[in-house]
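Welcome, and thanks for stopping by. Shall we take a look at the model together?

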Amino acid sequence: METQGARAIAVQGRIVWCNLFSETRVCCWYRLCLLTMASVLGPLVDRACALSIDRNAGENAQSESESTREEQDFQHFVAIQGLFREVADRVKPFLVRIETVGGAQPVEIRDDPRGPSPEGEIPSPVPRPQNPFRDSPGGGFQIADGPTTGMIYSSDGYILTSSFNFVREPALVSVTLTDGRRLAADVVARDQVRKLAMLKIDAENLPVPEWAPVDEVRVGKWAVALGLGFGGTEPSISVGVVSALNRMTGNAFQSDVKISPANYGGPVCDLTGRVMGIAVPMAQRPGELAGIEMYDSGVGFALPRERVDQIASALRAGRSFYRGWLGMTVDPQNQDAIVILNVADPSPLRTAGAKPGDKIVQVEGKDVRHFGELVQATYMIPAGDEIYVTLERKGIQFGVKLTLARNIDLGPLPEIEEPLDPSVPAIPPTDESVPPEEEP
Amino acid sequence: MTLLAGSTLLTLGARAEISDADRALVFEREQKRIELAARLAPAVVCVYDENRRGGGSGVLIDSQGHGLTNYHVLAGMMKKRQGFGGLSDGKLYDLDVLGIDPTGDVAMFRLSGREDFPFVSLGDSDRVKIGDAVLALGNPFVLSEDHAPTVTTGIVTGVHRYQWGTGANLIYSDCIQFDASINPGSSGGPLFDAQGEVVGINGRISINTRGRFNVGFGYAITMNQIRRFMPAMRAGLLARHGTLQATVEDIEGSGVVFTELLRNAAGYDAGLRVGDHLLELDRTKIASRNHFASLIGTYPENWPVHLRIERGGFAHEFHARLEPVAPKLAHPFTPDLDVNRRQVESVLRGYRQAVLGNSSAPPRHRAWNTVREFGSHDAAVSRQEKYEGRIAGDFASLRQIHADGSKGRVIEFSDRAAVSRSSTAPDEAPAELPHDQKQVLAAQYLAFQKLLNWSSLDELPETSHVGGDAWVPITWSPGATTTRQSEKERVLDVVRWSLGDQWDVRLGFDAETSFLACITILDLPTRAEVQVDFADWSDVGGIKAPKYVTVRGAGAPFRDELTDWELSP
Amino acid sequence: MKVVTQAVSCLLALSATLCAGGFDRAIVTANARVVKLYGLAAGAQLGYGTGIVVSPDGRVLTVLSLLIDARRVRAVTSEGTRFAAQVLARDAERQLALLQLVPWEDAERGGVDSDSSSVADSGAPRVGPFPSFDPILGTPLKPSGDPEFPRNIAKEPPRLQPGDWIVAAGNAFKVAEGSEPVSFVRGVFSTRTRLDARRRVRDFPYRGEVLVVDAVTSNPGAPGGAVVNLHGFLVGMVGRDVVSNLTNTHFNYAIPGDVLAAFLRDTETKKNAAPTPTDSSVVNSLDRRSAAEASAEETMNPSRDVGIRLARAGYQKVLPFVERVKLGSPAAQAGLQKDDLILSLNGKNIGDVADFHEQMKMLGPDEPVDLVVRRDRRILSLRMEPTRN
């Protein structure tokens, strides 16, 4: 600031006078004006600024350090806006708009609260007539007709998105790239558990986004979610911070960005425009739509890089993931322990030798004291994965290794020879209104 | 022009370049926030009931494991008063419920199982303004599987808000409104300001037709309100809120007036009358009825408040102590006597530590010179007298020194008697001390000797912690009445000591510094009360001693300036 | 001289930031320029809301809602002063209303009804002056009418860009009373798009462009509130609580400043919001009529024949495959072929045959039709020109 021939006088360490004839004349005029005008504008600015209730009389006169800090605050937020825009500009080429045609709305089977509880359902004390191992999408949500978001995964035309829109099994899927090309897409594979889906389009040399290194995803970092679900060609932006890591049995990180069908399947990026994760609906219970009810609530989940890479390589190869079942129902009378009521045949538990009356006490070495904890320990494990379960029979504990099965691979539940509670009928009554496909 | 280049303020429409300095500033602040979140998270508790079912949150405020949460988080645990607290080290710790404040929806707990727990410092919620950045930590929807808290950010979007409770419970008075996302499960968690100090405890959200999900409206009870209730909660008590038993109404354009006053209750007894125009409550200008209700709701029962009103064109000032508001409880709450005794011990030990510091053996003999200044309503000029004070063992005495240096009367106080004798005529029969002089001497004896020399609490039976209070200092200048100064409110830990049938002693220790702020001795037969204040504790030969002792109630108020200390082991 | 002027203007701008600590400025500016409204409550509609002051003499913009149908609408300014509000204009299309603040005593004496068809241009203003927003530029103004923050005033309203911070000020949940500040939510501007939404089962009448924001703005009492940018300039008005037809989720939007300005222009020329050809939001309304209206017109306007016959299988819930294309028809000229699957018509997704016919009915006789179809594995765009009679 000082130039030759200029005299500098520090005023309160911050504002500097200098000789009017120096090269930095204009700046000095500015400084000079600042001092004089501040006194004129001060009251005006104060009036505009004061909210009478929460400022005491003595505080209106702002200290030097306070106003520097506030200038800096304002400048900081102006700058962040610019960075958000940069992120959108940088990531836009990797986004795709997905449109689907046809397909049915997922049937939310309203539970007939009768029957012993299969895993994944809250125990209730009366017999159930329906297939206990059905896949219920959860969420009670009607999927709308609007477009959804996806992101280019590899340059040879694989697209990652959230599986939530494919619950409808649409007849047709089209993908529109940022350059305007609209292409038909095949659904290569779907992960019902981690809510990802992989599409394939006929395109080459597609630009691929940069992902942030895993250790750079930290709590407190800015997070920017981009989506195309509101229509239009420009992505919508929503911002927040990373709230927690290692959620959903280590499958997702959580952020307070507004995540919703408008940006499911899209990227959650850091402030440099690198992808930290893919936004998906999620909750601590199974179901492809589970978690949708939390949209826009400041609780949103994204699959991080390691998990995406792991799943994507399988999806690419055409392997889908399905909800993993143990193949049992539990005794609803017992709220403080997990007591097996019936074991399907065939099923993972049957293969492991579990019998009615056995208690499940641990999953993967962690205590499970009640049914809710069992669901929490298993809901994110897909069929085909192995888990270690500790059972207890007549006071003796023993461990078994199980490979979770798809529900279509489970056999029927055999008739219970001896009801545990005389008031509960041994054979669940059949319900004629259940469509035939629902039977195991 | 260098000044303009970096400023994106002026370019309203154009896509301005972000300067390197601005960019660096953003990333620097982001890094600061990441570090702040990492520093604060270990002190945030995931609260579970005795069956390990979630979900609420809490925050640790000292290394012994004391923590704050909402009352409604612990309400289901009131039978056994036990639960669990998970910390981000992944472990579950035993949780004990201490004291509760149901009306204000706050409660205190204590974790055990570790030598020093991570904790955070308490901030000043009066400095919170609309627009301030805040961080909320907690366990919404019980999503944490490793007990690490969820971190969300936002800004303060309202202050001095009032949220109705259910009857006399869960009233959020003078609370902070903010838009950082909190959801069911976040209750009891901390609200931090940008410096990482707790300015509120989160516990409430507004909801709309979507159901119990955050829509940008979260509410936190202010830390300054909670501070008033902390002494009682720490001592395992049920802390009740206070009321003036008065109703105010808005008069458009002219503020607030009293429209109803319950006779023989706090407001009326203090001198308020219907029609009085309320100007200030505790130095805060009252803008509306809402504002008044909001502010009054932040005080505990029996708290002293200062009111400034206008009546008939003149301003008047009144002081009142608030009446209790009874909360509704599912089960009657009996304070845990062990917790209470432990807190008495903690407070007294804290005092001893503050005074004696690291001195291994407290001095057994103390002597000091006193310059006593008298103030009175009548005297135009205050007068001064000199005294010599001495405490040795169980014996305390004050000897008057005349202006010419000769010795005057001696006042002696011991367990056996309190007498006044002449130093010039030692054979003269000693005169019985008037009870108020006894009370004054006793107070000093307690402060300088008895409370410093004890090895176990059994030596101090009949002591109990009775909650908190605000220090109402005495001014001794002529014409003064007791008045709250405009400085920051000092919250006290009040320990009650019943000394036989004669005296009811209340010791007020500064909740933050542990120094003795005042002793009030009530002479039960005559109902005469003497208050002795101790101020300006400073270093005297390796220990701390007050510079000023001010007395109200023994004749005219006076102040002793204690000089020339002499200590012998 | 130029140098000095520049220095002064830059100086003044900078000094204005002396009070702005982050969002302070936006919050304080917005709060001073909104009024709390209280009016008619019925059923689920709660009878309280917010309005924006758009002139120093007390004109207030708000959303069209049951509230303003009260006999006497009460408005409370940020200073806590109470006024009555007359309705000057309503716009069912844009779902907006213009009110005029009048002294409360006038209303009490029964001299003033809420509904007033005569624009209040009779004589001097009886209330104010108030701080306000210039409705065209969004500039915050002092009661005198001068800009609050003197600077080089942009010739155009601030161009809000996605990612820009916004603050929405409104009396959500009726938390604020009297002179207490209203409530605020902070977020960023997400994107600008057409509104396609419903309130409960009925389609929402406004189909024009809106600003989507990533804060929950549509809480009870907040609609009608002011949405400002970081600098305190008005960029929109908080919209009503609707569910988006695109996502089936509650939608948070603001009515853009240019739509507010268009509404005010219309009221000034006393057209009472009659549609003009250049008004995109109104043209939109001709396209997006409710299903009820569309079906009512079925018998009156047979769908235009462009030469397409779609596959029939007895009922209409079937994918719209082309079964036959008439030779020489507009469809044939556009290149449509048998077995093409129609995906969208003029940008609207076609789910089944019924959808296609419905959309065709809504077309005017001279409108070209843009089709997107799937043929084998390709997706093609075709355009059908209007028939010449």
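What follows is a conversation between a visitor and a guide about this predicted model.

Visitor: Let's start with chain C. What share of its residues counts as buried?
Guide: Chain C holds 8 helices and 24 strands. Its accessible surface comes to about 16200 Å², and 51% of that belongs to carbon and sulfur atoms. Of its 389 residues, the share that counts as buried is 58%.

Visitor: And among contacts in chain C between residues at least 6 apart in sequence, what percentage joins residues at least 24 apart?
Guide: Contact here means heavy atoms within 4.5 Å. Counting pairs at least 6 apart in sequence, the portion that joins residues at least 24 apart is 60%.

Visitor: Which residue follows C:G128 across a cis peptide bond?
Guide: The omega angle of this bond is about 5 degrees. The partner sits in the loop between α3 (104–108) and β7 (132–133) of chain C. That residue is C:P129.

Visitor: Chain A has a cis peptide bond too, from A:D345 to A:P346. Where is A:P346 found?
Guide: For the bond from A:D345 to A:P346, omega is near 0 degrees. As for its place, A:P346 is found in chain A, in the loop between β17 (338–343) and α4 (348–352).

Visitor: On to charges. How many residues apart are A:E210 and A:R90?
Guide: Side chains of opposite charge can pair when their charged atoms come close. A:E210 and A:R90 form a salt bridge, with their closest N and O atoms 2.9 Å apart. The pair links distant parts of the chain: A:E210 is in the loop between β9 (196–201) and β10 (222–227), A:R90 is in helix α2 (residues 64–91), and their separation is 120 residues.

Visitor: Is A:E210 buried, partly exposed or exposed?
Guide: Buried means under 20% relative accessible area and exposed means over 50%. The relative accessible area of A:E210 is 41%, so A:E210 is partly exposed. Its partner A:R90, at 37%, also counts as partly exposed. For A:E210, then, the word is partly exposed.

Visitor: What about A:D270, buried or exposed?
Guide: The side chains of A:D270 and A:R274 meet in a salt bridge, 3.2 Å from N to O. A:R274 has a relative accessible area of 15%, under the 20% cut-off, so A:R274 is buried. A:D270 has a relative accessibility of 1%, so A:D270 is buried.

Visitor: Which residues are linked with A:D270 and A:R274 in a network of salt bridges?
Guide: The bridge between A:D270 and A:R274 belongs in this picture. The network has two further members in chain A, and they are A:E216 and A:K221.

Visitor: Which residue does A:R285 meet in a salt bridge?
Guide: The N to O distance in this bridge is 3.0 Å. A:R285 is partly exposed, with a relative accessible area of 31%. Its partner is partly exposed at 25%, and that partner is A:E293.

Visitor: How many salt bridges does the structure hold over all chains?
Guide: The pairs discussed here include A:E210 with A:R90 and A:R285 with A:E293. Over all chains, the number of salt bridges is 51.

Visitor: Which residues of chain B does A:S297 touch?
Guide: A:S297 lies in the loop between β14 (275–280) and β15 (300–304) of chain A. Its relative accessible area is 1%, so A:S297 is buried. Leaving out residues up to four places away in sequence, A:S297 touches B:S181, B:N183, B:R210, B:F213 and B:N214.

Visitor: In chain B, how far apart are the C-alpha atoms of B:G468 and B:V494?
Guide: B:G468 is in strand β27 (residues 463–470), and its contacts include B:W303, B:L492 and B:V494. Along the chain, B:G468 and B:V494 are 26 residues apart, while their C-alpha atoms are separated by 5.6 Å.

Visitor: One last stop: what is phi of B:H147?
Guide: B:H147 lies in the loop between β7 (133–138) and β8 (150–163) of chain B. With a relative accessibility of 11%, B:H147 counts as buried. Its phi is a positive value in a residue other than glycine, near 65 degrees.

Definitions and conventions
Residues numbered from 1 in each chain as written. Chains lettered and ligands numbered in written order. Predicted model: local features only at pLDDT ≥ 70, side-chain atom pairs only at ≥ 80, totals over all residues. Heavy atoms only, no water. Helix = DSSP H or I, 4+ residues; strand = E, 2+ residues; numbered from the N terminus. Buried < 20%, exposed > 50% of the residue type's maximum accessible area, 1.4 Å probe, protein only. Areas by Shrake-Rupley, 256 points an atom, 1.4 Å probe, with all protein chains shown as cover. Salt bridge = Lys/Arg side-chain N within 4 Å of Asp/Glu carboxyl O.
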